[in-house]
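Trainee: Got a minute to go through this one with me? I'd like to start with the cysteines and then look at how the domains meet.

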Amino acid sequence: MTQFPEELGTAVDEWAAERHSQLVAVRRHLHAHPELSYAEFETTSFLEQRLRNAGLEPRRLPSGTGLVVEVGAGDPIVVLRADIDALPLADLKDVPYASTRENACHACGHDVHTTVLLGAALALNSLDDLPGTVRCVFQPAEETVPGGATGVVAAGVLDGASRAFALHCDPSLPAGSVGLRTGAITAACDRMDVTLTGPGGHTARPQLTVDLVDALGRLITDLPALLSRQVDPRAGMSLVWGAVKAGVAANAIPQRGHLSGTVRVLDRDAWQDAETLLRSLVERVAATTGADVEVDYVRGVPPVVNDPRAVALLRSAALETVGSEGLRLSPQSMGGEDFGWFADVVPIALARLGTHGGGAPLDLHRGTFDVDERAIGVGVRLLARTALHALSADAGAPPPGPTPQPSGSGPVARR
C-alpha cells in the first residue's frame with residue numbers, strides 16, 4: 001500500500017484544532033435549526049454557502065435537498081457520507097442552542113455528522129496535492145424508510161467510487177474514542193402490521209364465534225417463538241411487537257384486532273427472505289384460530305455490513321486520531337441505518353464516534369440527547385484521515401463494480 005505523506009494528516013489535525021470554535025458554532029446552528037426528512041432546504045443552503053465560500057462546487061441531489069461535493073480530482077474516488085435530517089421530537093434541553101422549531105430535534109446526532117463531514121471536506125480542500133477525489137455526500141432523509149440513501153444510489157452518486165465511509169454518534173462511548181467492527185454493525189429493520197377479523201360475539205359464548213383477542217395473543221407469543229426455530233440463530237433475526245389494539249368492552253369479543261411490530265435482521269441473506277417467511281408463519285398461526293388475516297409488510301433498510309478492508313483503513317485513521325487507548329470494539333446494534341444501501345454499489349464501513357462527556361447517559365432518539373462537542377474535532381480528523389488512507393490504498397486499483405440491488409421500495413415510515 002502506498003502511504004500518503006504524514007504531512008497531510010498533520011495538516012488535517014492542525015486545521016481541526018485551529019477551527020474548533022467555528023465547528024462548534026456550525027453544530028450549534030444546525031442543532032437550533034433542525035429540519036425533517038426531505039424538508040432540509042435551509043440546512044442544504046447553509047452547507048452550500050460554506051462550501052462555495054471555500055471555492056468548492058456543490059450540487060444538489062435530485063430530491064431537492066442534500067448535496068454532493070468533490071474535493072480533489074482524478075482517481076481513485078472515495079465517498080464520505082453524512083445524514084442531515086432531524087427527528088420529529090421536541091427538544092427538551094435547556095441550552096442556548098436548543099431547537100427553535102416545534103417538534104423537530106437533532107436527537108440522533110445528525111447535526112454532528114453534518115458538521116464533521118463539512119469540516120472534513122474543508123480540511124481536505126486546504127491540502128495541496130490530494131491524491132485523488134473525495135466525494136462528500138450530505139444525504140437527506142435517513143430517518144425514513146427505505147431512506148434517502150436509495151435516492152443517492154439511484155442518482156449514480158456512488159458511480160466510480162472505490163469505497164464509502166460514514167460515522168454515527170455513540171453516547172455509550174466517551175468523547176475521544178472511536179468504535180469499530182467488521183461485519184454487521186447495524187440490523188435490517190422492517191415493519192409488519194397484522195390485522196385479524198372475525199364475526200365478533202359475547203364473551204359468554206366464545207365457542208360460537210372467533211375469539212379474536214385469543215387469536216391475537218397466540219400471534220404475539222407463538223410467532224416470535226416459531227421464528228427462532230425457522231432461522232439460523234447467527235442471522236440475528238428478531239420480531240418485537242410494539243402495538244396491539246382490539247376491543248372496547250370487557251364482555252364483547254371484537255370483530256377486528258391489530259398488531260404492529262418490527263422485524264430486525266443482522267444477516268443480509270436472511271433479510272432477503274424475511275418477508276416470505278413471516279407471512280407464511282402469520283397465516284399458519286392464524287389458521288388455527290379461524291380468524292381472517294391480512295399482513296402489511298414494509299421493507300425497510302438493509303443491515304450495515306462493514307467491509308473488512310474498509311474497516312482496516314478506518315482503523316489506521318482511528319489509531320492516528322485517538323490512539324490505541326481510544327479504539328473500541330463496537331457492539332452490534334439492532335437499530336436501522338440506511339447507509340447499508342451504499343453497499344449495493346461499493347464496499348462500506350461505518351464507525352462509532354464517542355460523544356459521552358460524563359454524567360448520566362444521553363441516549364439517542366430522546367429530546368434530551370446532547371454531545372460532548374470535543375467529539376467534533378475527533379470526527380473531522382477521523383473522516384479526513386480515513387479518506388487519505390483510502391485514496392492511497394486504492395491508487396491504481398480498478399473500482400469495484402455495482403452489485404445487484406434488492407427491492408427497497410415502500411412508504412415512508414419511522415424505524
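**Cysteines and the domain contact**

Mentor: Sure. A search of the whole structure, which is a predicted model, turns up zero disulfides.

Trainee: Why is Cys108 without a bond to the closest cysteine sulfur?

Mentor: A disulfide needs two cysteine sulfur atoms within 2.5 Å. For Cys108 the closest cysteine sulfur belongs to Cys169, and it is too far for a bond because the gap is 7.8 Å.

Trainee: And how far is Cys136 from the nearest cysteine sulfur?

Mentor: Cys136 is in no disulfide either. Its nearest cysteine sulfur is again in Cys169, at a distance of 17 Å.

Trainee: Is Cys136 buried or exposed?

Mentor: The cut-off for buried is under 20% relative accessible area. Cys136 has 0% relative accessibility, so it counts as buried.

Trainee: On to the domains: which three residues of domain 1 supply the most area buried against domain 2?

Mentor: Domain 1 covers 3-186 + 304-394, and domain 2 covers 188-301. About 960 Å² is buried between them, with carbon and sulfur atoms giving 64% of that. On the domain 1 side, 49% of the buried area comes from just three residues, more than any other three: Val145, Met334 and Trp341.

Trainee: Which residue forms a salt bridge with Asp344?

Mentor: Between domain 1 and domain 2 the count is one salt bridge. The rule for one asks for a side-chain nitrogen of Lys or Arg within 4 Å of a carboxyl oxygen of Asp or Glu. Asp344 has such a partner, with the closest N and O atoms 2.6 Å apart: Arg268.

Technical notes
Residues numbered from 1 in each chain as written. Predicted model: local features only at pLDDT ≥ 70, side-chain atom pairs only at ≥ 80, totals over all residues. Heavy atoms only, no water. Domains from an automatic or database assignment. Buried area = accessible area lost by both parts, 1.4 Å probe. Buried < 20%, exposed > 50% of the residue type's maximum accessible area, 1.4 Å probe, protein only.
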